[in-house]
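This report walks through one protein model, a part at a time. Please look over the sequence and the structure before reading on.

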Amino acid sequence: MMKRVFAANWKMNHGPAEAAEFVRHFVAGFAPASDRTVILFPSALALAVAREGLRARPEIKVGVQNIHWEDRGAFTGETSAPIARAAGADYVLVGHSERRHVFGETDEEAGKKVAAGIRAGLTPVLCVGETAGERERGETAAVVLRQLRSGLAQSGRTGVAACLVAYEPVWAIGTGKTATPRDAAEVHVAIRAELRALGGDGAVNVPILYGGSVNQENAATLLAADEVGGLLVGGASLDAGRWCAIART
Ligand code: PEP
């Protein structure tokens, strides 16, 4: 059985003090469970505090929300994969819809970030998803598979097995709308087939997460859908109690 993955994307919320408080509450309410992987993605400046608060619970992982593709250099304001790793990150989100649509990140840049993350020993969570317009035009599969191929293009066959994928329809992020389990399953099955084509047998166990307005009410139904191996949660992960309920699903 593949472990379910529960990933919390705090976006630009929770500074160090709030992160410490969250982690205190979360570890008190969430018993160790060997059948699931839990990952917190705090702001980069709250990562060390979160990591420290999880010292007694090393099975709960932390990650950064973005990296630059270069390892070092004159890139003011950026964080490299080796620096994130040295600061305690295990995972990195790559190609989140806000990176793509607010900051103009391209498919090719996402591919360079995935490769940089793997090189530094981080596990990338490659996010893919179509906009409302693309969905209405019937382009969902084409967009998602293009983003997937580009995101993995610079990592080779073995790199495919070193990643997680998150399907997050852009129209579902932070909107209160979710894909139906049937729609999510259709895309997840297509992602799995493409992963196998790109990575062979190594891709069979790559977890494919669903994200987009997940909460404790809809988590179980979405997790029951074909090929949904976990959840990437934004808004509903900001409260330790709500996040505890979701991570126990
Ligand atoms: C996200 O930011 O990845 C996300 C899925 O957000 P929300 O759960 O708030 O829709």
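## Two residues with positive phi

The model is predicted. E227 is partly exposed, because its relative accessible area of 28% lies between the limits of 20% for buried and 50% for exposed. E227 is found in the loop between helix 10 (219-223) and strand 8 (230-233). Its phi is near 65°, a positive value in a residue other than glycine.

H14 also has a phi near 65°, again positive in a residue other than glycine. This residue lies in the loop that runs between strand 1 (4-9) and helix 1. With a relative accessible area of 18%, H14 is buried, because the value is under 20%.

## Helix 1

Helix 1 covers residues 16-29. Does the length of this helix agree or disagree with what its 14 residues should span? At 1.5 Å a residue the expected span is 20 Å, and the end C-alpha atoms are 20 Å apart, so the two agree.

The buried residues of helix 1 are A19, F22, V23 and F26. Viewed down the helix axis, they fall within an arc of 100°, so they line one face of the helix. A17, R24 and A28 are exposed on the other side of helix 1. The partners against which the buried residues of helix 1 pack are strand 2 (36-41), helix 2 (47-53), strand 3 (60-64) and helix 11 (240-247).

## Strands 3, 4 and 5

Strand 4 consists of residues 91-94, and both of its faces are covered. Y91 and L93 are buried on one side, while V92 and V94 are buried on the other. In a regular strand, side chains alternate between the two faces of the sheet.

Which strands pair with strand 4? Strand 3 runs parallel to strand 4 and is joined to strand 4 by 2 bridges. V64 stands opposite V92 in strand 4. Between these two strands the chain passes through helix 3, making a β-α-β crossover that is right-handed. Strand 5 (residues 123-128) also pairs with strand 4 in the parallel sense, over 4 bridges. Here V94 stands opposite L126 in strand 5.

## Helix 3 and R85

Helix 3 spans residues 81-86 and includes R85. R85 has a relative accessible area of 35% and is therefore partly exposed, since this value lies between 20% and 50%.

Not counting residues up to four places away in sequence, R85 touches D90, A120, G121 and L122. R85 and L122 are 37 residues apart in sequence, and their C-alpha atoms are 6.5 Å apart in space.

## Helix 5

Helix 5 is made up of residues 107-119. Its 13 residues should span 18 Å at 1.5 Å a residue; the end C-alpha atoms are 19 Å apart, which agrees. Just after helix 5, G121 takes a positive phi of about 90°.

The buried residues of helix 5 are D107, A110, G111, K113, V114, A115, A116 and G117. They pack against helix 3, strand 4, helix 4 (97-101), strand 5 and helix 7 (140-152).

## Helix 9 and E194

E194 has its place in helix 9 (residues 181-199). Is E194 buried or exposed? The relative accessible area of E194 is 15%, so this residue is buried, the limit being 20%.

Leaving out residues up to four places away in sequence, E194 touches L145, L148 and R149. E194 and A56 are 138 residues apart in sequence, and 38 Å separates their C-alpha atoms in space.

## Nonpolar cores

In soluble globular proteins, nonpolar side chains tend to be buried together. The largest nonpolar core in this model has 64 residues. Which of them touch the most other members? They are F26, L40, I191, L195, Y210, L231 and W243. F26 is also one of the buried residues of helix 1.

Leaving aside neighbours within four places in sequence, L195 is in contact with L148, L152, V160, V165, G200, A203, V206 and I208. Another core, of 12 residues, lies apart from the largest one; among its members are V125, C127, A166 and L232.

How values were computed. Residues are numbered from 1 along each chain as its sequence is written. This is a predicted model: local features need pLDDT of at least 70, side-chain atom pairs count only at pLDDT 80 or more; totals for chains, interfaces and linings use all residues. Side-chain values use heavy atoms; hydrogens and water are left out. A nonpolar core is a set of buried Ala, Val, Leu, Ile, Met, Phe, Trp, Tyr and Cys residues joined through side-chain atoms within 4.5 Å. Buried means under 20% relative accessible area, exposed over 50%, partly exposed in between (1.4 Å probe, protein chains only). Contact means heavy atoms within 4.5 Å. The expected span of a helix is 1.5 Å times one less than its number of residues. The arc is that of the directions from the helix axis to the C-beta atoms. Two strands pair if DSSP finds at least two bridges between them. A crossover is right-handed if, with the strands pointing away from the viewer, the path from the first strand over the helix to the second runs clockwise.
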